[in-house]
Every structure is written in structure tokens, then in C-alpha cells.
Amino acid sequence: VARRPVLPAARRALSASQGAATAAEPVAAASACPFANAKDSSEIPGLRQWPLVAALPSMLAYRDAKAGGVRNLQMMADKLREFGPVFLFMDDGTRKVYAVSSPDYQRVLDIEPDNVKGIMDNLWSLKDFYRLEHPDEASNPFLLRGEEWRKGRMAVNPIMFNVKAAKSYLPEINRAAAAASGNIKAFEESLGDFCSYASVDMFNAMAFGVNLRASAGDPEGLRTTKVLLDGLNGLADIMRSSPWSRKDMLKFGAWNSFVESWKNVEAEVEALLDRCLADPDNTGFFKAFVSNDKDISRFQAMSMVAILAAAAADTTSATIMNTLLNLSRNPEVQQRLREELRAELGGKDWQASSRSSYLNWVLYETQRVTPTLMFSHTRNDIEEDVVVEGFRIPKGSSVLYTHHNLARAVDRPDEFIPERWSDEEKA
């Protein structure tokens, strides 16, 4: 969605008007300038930072030893209550990262970038991997900026991110989902694994037209899925231990481990691509991807889909898991959803024409109560100063948006109430 740049436009208008200002106008002009009364970034509260390790010790208090990782939502909720809607999240000595939970974040989005870039722009690990391991290949467009990044996105969007494309790969997703659902009882003690396997199954069915059936217990599918998930975990580990560059790594073995795991991902994706192209009746979107006229090489296509596969497995798995969790905690919601889907589908697969308002409400409420991502709309190296909640955030900073505060701006925010998304309630 294209938006009119508010902040740059306001500053240009102010600059143009200042030459004609009269003696009676300076106060009005100053009040129109968002920087006039802004506090310096040094006054922004935040997590305590240590040399080399930044805020890592502060985060360890939220480590979940049983599940692994950090209880991000709880940490964010606590820090927003402690510091307010803007706080310093990380400062490793090379850059500062600020977290924002305020409508003012629109001002960050309104900054006109010198070079358009995607959310993967800061993945130094993948950039280094392709530079060092594939020096003679064209770069992965997802990791670039400007027109090269745009070219990659425009190659993917028509075959993956639109209604017509979704209709074409929905039958493959249905088949993968049916196989997974038939075996869910085998995962009673490891529902997280089930969600991960089902997510990989559905993505590969969509991308390559290949149903791995990992969630149904297929041994070869499980092997492939483990390779893909190990690559994702390796990428997550290295970005956690050293988010900005290899130079600040605390565990130097993490790099070699990551390289090995991502090479394995490439090999599996290459094999899946061969299966996709060898079958003339295959409906995977990857076939259209490598045969398009967007000037994308096979290697670039393979490397882009490898990233998509890893990202899709993680976010889809978390969404499924959170939805099941919220339904199990609210049996009356589960029963109503079950009844509506039975009435709508009559025991058949979901079709492009299927409709379920209540399912949409359940998914919306799931993202409000248990969001898949702690942050969204990340902006790295912002191109100019910006004022958020009365604080000046300087050019070159990274800014993360967390919707936690806005998600609680409803009645009874701790309750799971899908009906709040009905037209009547929204009105």
C-alpha cells in the first residue's frame, strides 16, 4: 500500500515556508516542526547494555530452559510496562536498536528510503554464506537493495502472493493437511513437532508440488524435513549469538555449523526442484518461478525458495500451534468453530469459494493474543532522524515495531474473544 510520506513532506513544507515567515509566525513554525521539542535519544530508557554482549544478560532472565529460547512476549510486555512505548532494545557498540509500540511508528514507515530493501537486508550470515560459498553466482535478490531486490520480489509475487495463485496450489495444501490431520494422534506428546512437520509439508506441496508426508510419519519425508528445520535453527542460532556480523561472534564454531547446515538445505531444495521439473503434471509454483521472464537464474530461484521454505516453516508452525493452544483453552470457541466449519464444508476440503467468518475471527484473535512474531515492520539504518513519542531517534538506527500495546487497547484484553472482530463489534 502506497502512503503519502508524512514526515518528509512536513519538513519540506516547513522549509519552504520559513523564508516567508513573518515576526508573528516563528512560534507556529516551530510547533509544526516535529524536532522542535523532541528529547534526545540519550534520554530514551531501555534495557541495560553490556560491552560486547549488549542486552543479552537482561534477556537471559526470560530464558525458557524447558522449551528452549526466550519468552519473548512476556519480556516485551514487562519492558513496555517498565519503560513505556519507546525503549532501547539493543546497543552493541556499532548500532542501536529501538523498540516501538505506538501509532507514531507510522513516521518511521513514512521515511522515503534511498534504496528500497526487504526485512532480510540485515541477515549478514546469509550474505556472507553466498559471497563465500558461491562467489561466481548471482546474488540472492532477497538479500539486496534497490532494483535488484525489487526484481526478486516481482518474480515471486505473481506466482505466490495473489488470489489466482492461491487457487492453483490450494489442492496440494489440502492433500498435505489431510495427511497431517490423519496422524495427529501420534504427536500427542510432541505437538510442536507436529506443527513444524505439517508446515514443511504444506509449503513443499505448494512450492514443489511434492507432499513429503513428514507429519504422516514418512521416513524420507522426515529426513528432508529435519534437514530444512536444522538449517532454519542454524540460521536462528547464529543471528542470536551475533546479530550484526561475524566479528562479534561469541561462539566461533557457530559459523561452521551454520555453513554446513545451509549447504544441506541447498542440496535438499535442489533435489525437490529436480522432482518438480521432472513431472510434466506438477503444479508447484517453483516450476513457473524458474521458467519466468524476470531474469532470475535457477541458482537465484533456488536460493530464494530456500529462504522462503525456512521462513514459512517457522511462522506457519507458530501460527498453527498458537491457534490450537487458544482453542484448547477456550472449548466453547473450539465447539463453535467446529460446528461452523462442518456446516460450511460438509466434510469436504476447503475450497477457494469457502467462507468462514468465525475462522477469520479466531485467526485474528490468535494473532492479537499470541502473535507469531514479536516484532514486525523492522527498519534497519533509517535514512533520517525521526521523532517517536517525543524522542528523536537518530539516522542510522534500527527500529522495531511491536504491536503489544495496541493489541491490549481493547476491552478485556487478556480474554480470547473472537467475536470482537465481527463487523458489529468493530463498529
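## Close-up views of a predicted model

**View 1. A salt bridge joins the side chains of Glu-133 and Lys-263, with nitrogen and oxygen 3.2 Å apart.** The model shown here and in the views below is a predicted one. The partners of this bridge come from distant parts of the chain, since Glu-133 belongs to helix H6 (residues 124–133) and Lys-263 to helix H11 (residues 253–278), with their positions 130 residues apart. Glu-133 is partly exposed, its relative accessibility being 30%, and Lys-263 is likewise classed as partly exposed, with a relative accessible area of 41%.

**View 2. Within helix H8 (residues 163–181), Arg-175 and Glu-172 lie 3 residues apart, about one turn of the helix.** The two residues form a salt bridge in which the closest N and O atoms are 2.9 Å apart. Their surroundings are classed separately: Arg-175 is partly exposed at 45% relative accessibility, whereas Glu-172, at 13%, counts as buried. Elsewhere in the model, Arg-95, Arg-145 and Asp-381 are joined into one network by salt bridges that share partners.

**View 3. Asp-104 and Arg-107 meet through their side chains in a salt bridge, with an N to O distance of 4.0 Å.** Arg-107 has a relative accessible area of 32% and is therefore counted as partly exposed. For the structure as a whole, the search finds 21 salt bridges, and the pair of Asp-104 and Arg-107 is one of the salt bridges described in these legends.

**View 4. Phe-129 and Tyr-130 form one of the 14 aromatic pairs that the structure holds.** The ring centres of Phe-129 and Tyr-130 are 5.2 Å apart and the ring planes stand at 80°, so the pair is classed as edge-to-face. Both partners are buried, Phe-129 with a relative accessible area of 0% and Tyr-130 with a relative accessibility of 6%. Beyond this pair, ring pairs link Phe-129 and Tyr-130 with Trp-124, Trp-255, Phe-258, Trp-262 and Phe-299 into a cluster.

**View 5. Tyr-358 and Trp-361 form an edge-to-face aromatic pair in helix H15 (residues 357–369).** The centres of the two rings are separated by 5.9 Å and their planes lie at 70°, so this pair is also assigned to the edge-to-face class, for which the planes have to be over 60 degrees apart. Along the helix, Tyr-358 and Trp-361 are 3 residues apart, and the separation therefore amounts to about one helical turn. Tyr-358 is buried, with a relative accessible area of 1%, and Trp-361 also counts as buried, at 16% relative accessibility.

**View 6. A patch of negative charge on the surface gathers Asp-411, Asp-423, Glu-424 and Glu-425.** Among these residues, Asp-423 is placed in helix H17 (residues 423–426). The relative accessible area of Asp-423 is 58%, so this residue is classed as exposed.

**View 7. Arg-412 has a positive phi, near 50°, although it is a residue other than glycine.** As a general background to this view, most residues other than glycine have a negative phi. Arg-412 is placed in the loop between helix H16 (404–407) and H17, and at 52% relative accessibility it counts as exposed, because the class begins over 50%.

**View 8. Arg-213 also has a positive phi, with a value near 55°, in a residue other than glycine.** The residue is found in a loop, namely the one between helix H9 (191–208) and helix H10 (219–241). With a relative accessibility of 40%, Arg-213 counts as partly exposed.

**View 9. The C-alpha atoms of Glu-344 and Ser-354 are separated by 7.1 Å, while the two residues are 10 residues apart along the chain.** Glu-344 has its place in helix H14 (residues 331–345). The relative accessible area of Glu-344 is 35%, and Glu-344 is accordingly classed as partly exposed.

Terms used:
Residues numbered from 1 in each chain as written. Heavy atoms only, no water. Patch = residues over 30% accessible without salt bridge, like charges linked within 9 Å, V, L, I, M, F, W, Y side chains within 5 Å. Areas by Shrake-Rupley, 256 points an atom, 1.4 Å probe, with all protein chains shown as cover. Lys, Arg positive; Asp, Glu negative; His and termini not counted. Charge placed at Lys NZ, Arg CZ, Asp CG, Glu CD. Helix = DSSP H or I, 4+ residues; strand = E, 2+ residues; numbered from the N terminus. Buried < 20%, exposed > 50% of the residue type's maximum accessible area, 1.4 Å probe, protein only. Phe/Tyr/Trp six-rings, centres within 6.5 Å; stacked < 30°, edge-to-face > 60°.
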